[in-house]
There are 2 protein chains.
Amino acid sequence: MPDVQTWKTVQHELLRRLRERIWQPGQLIPSEQVLAEELGCSRATVNRALRGLAEGGLFDRRRKAGTRVAMIPVRKANLNIDIIRLDVEKRGAVYRWALIEQQRTFPTERIRSRLEVDHDMEMLYLRGLHLADEHPFIYEERWINLAVVPGILETDLNSISPNEWLVRHIPLPSGEIVFSAANTDATEASLLETEEGAAVFVIERRTWKGHQGITIVRMVHEPGFRMRTTI
Amino acid sequence: MPDVQTWKTVQHELLRRLRERIWQPGQLIPSEQVLAEELGCSRATVNRALRGLAEGGLFDRRRKAGTRVAMIPVRKANLNIDIIRLDVEKRGAVYRWALIEQQRTFPTERIRSRLEVDHDMEMLYLRGLHLADEHPFIYEERWINLAVVPGILETDLNSISPNEWLVRHIPLPSGEIVFSAANTDATEASLLETEEGAAVFVIERRTWKGHQGITIVRMVHEPGFRMRTTI
DNA sequence: AAGTGGTCTAGACCACACC
DNA sequence: GTGTGGTCTAGACCACTTC
């Protein structure tokens, strides 16, 4: 045992006891008080270590009931949702955004209901390509609620992607992200320079602020795209 | 200002200042010391609030340099990686695992290098289906390193999925997860009761403990599968 | 009623980076 | 050197939940 205990060394010790099955799944472990005395640190330090592990799904904690080793640990994977430009630049490629279409128009019923937009409200409809080293990387199709971000009409969306503009101008929206796979249709296949029917990775993102929908976007990735994370 | 400050109320106040652009992107915000005095709480409480937001990518913190509002907030999405049985049961369906093939054999060069397994070592090769209400949900193809988990040979993998067996017997492996899209081949299409070439969502998972690879699995999801998260 | 985790406080020391 | 965040301590009160 080191003579100075930091919350990280305590956490390592707790993880060791899990790995080596000293504490079995479902088992009640000693209280913070007891662990603090045993490990020679303050209760706050033990709490800091245990809290992190409980958030990670390794322990279940309840007042009075105590702390139990989770029966089935739910592993949590973290995905960093970058703006696409940074994503491309991280791969060492040169980024370019190419606007294909931009118009003010009335949304479909489906879009309207998903963003909770009034039916007499015009929205901004956009299509465009994110390129990496001049190769198509992502094709996106987007609706933007002009009631929330009227300022975007004064922006030249040829020079900055709507993605990036929105991130810079709308602080802290809530959002939903849906990942799926789809077969490309003719349009998508042509834009992504692949064959119709090729399997592509699709991310649909919907963001809102308070009760107002801001934008909904469908991002169709190049064939072969992989999203990676560690646990 | 409430008369009692908890770290959550402090965090809400900090978020308000971000949302209302009281603090601009890139701007240096006051030190913990100053904020504590201003908000009428202790420095530890401010630290707790700020730490969470910094972990979420909203602030950049550096000793001496202070705390800045992130220029481009990197949003972090959390994915809960459940065992598949729970995933299915959460959808209100009845889960069943159907083993298709099981054999001890020598892995391909690709598998061997990705798990760092010796070339004279036999591994366990498995194929099977996860069913939801008797409909194919996920087709999986898996290699397991017998050097790490010999015990699995004494298990009847007809009655428990390897996924669940491993989760219960190997505490806390490290892992890598890769998400992608693919067109089904004839075998996959037939097992998933779809047409060859249908786009499917694929999750490849690789886990290891220390330097020893444990398992590598390719999970092909039913067409139309969606993975959802919020930010 | 009593024990547990959740949190706040006040003070302290330190590591780090900027000066 | 100096100011910042990172952390630890000891003590305290409270909320929750099981007994």
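The exercises below concern a predicted model and treat its chain contact, its symmetry and its DNA surface in turn.

**Exercise 1.** Determine how many residues each chain gives to the contact between chain A and chain B, and which element of chain B gives the most.

*Solution.* Counting residue pairs whose C-beta atoms, placed from the backbone, lie within 7 Å, one finds that the contact takes 39 residues from chain A and 39 residues from chain B. On the side of chain B that touches chain A, two or more residues come from each of α1 (7–19), β4 (75–81), β8 (174–183), β9 (199–209) and β11 (226–230), and β8(B) gives the most, with nine residues. Sorted by class, this side of chain B has 23 nonpolar, eight polar and eight charged residues.

**Exercise 2.** Describe how β11 of chain A pairs with β8(B).

*Solution.* Strand β11 (residues 226–230) of chain A runs antiparallel to β8(B), and the two pair over five bridges. Within this pairing, T230(A) has E176(B) as its bridge partner.

**Exercise 3.** Find which rotation superposes chain B on chain A, and state how the two copies are related.

*Solution.* The superposition is a rotation of 180 degrees with 0.0 Å of shift along its axis, at an RMSD of 0.1 Å. The two copies are therefore related as by a two-fold rotation axis. The same surface serves both copies, since 100% of the contact residues of chain B recur in chain A.

**Exercise 4.** Identify which residues are closest to DNA strand D.

*Solution.* Of the 23 residues that surround DNA strand D, the closest are T6(A), S42(A), K64(A), S31(B) and K64(B). By class, this surface has five nonpolar, nine polar and nine charged residues.

Conventions. Residues numbered from 1 in each chain as written. Chains lettered and ligands numbered in written order. Predicted model: local features only at pLDDT ≥ 70, side-chain atom pairs only at ≥ 80, totals over all residues. Contact = placed C-beta atoms within 7 Å. Helix = DSSP H or I, 4+ residues; strand = E, 2+ residues; numbered from the N terminus. Nonpolar A, V, L, I, M, F, W, Y, C, P; charged D, E, K, R; others polar. Pairing = 2+ DSSP bridges. Near = placed C-beta within 6 Å. Least-squares fit on C-alpha atoms with pLDDT ≥ 70 in both.
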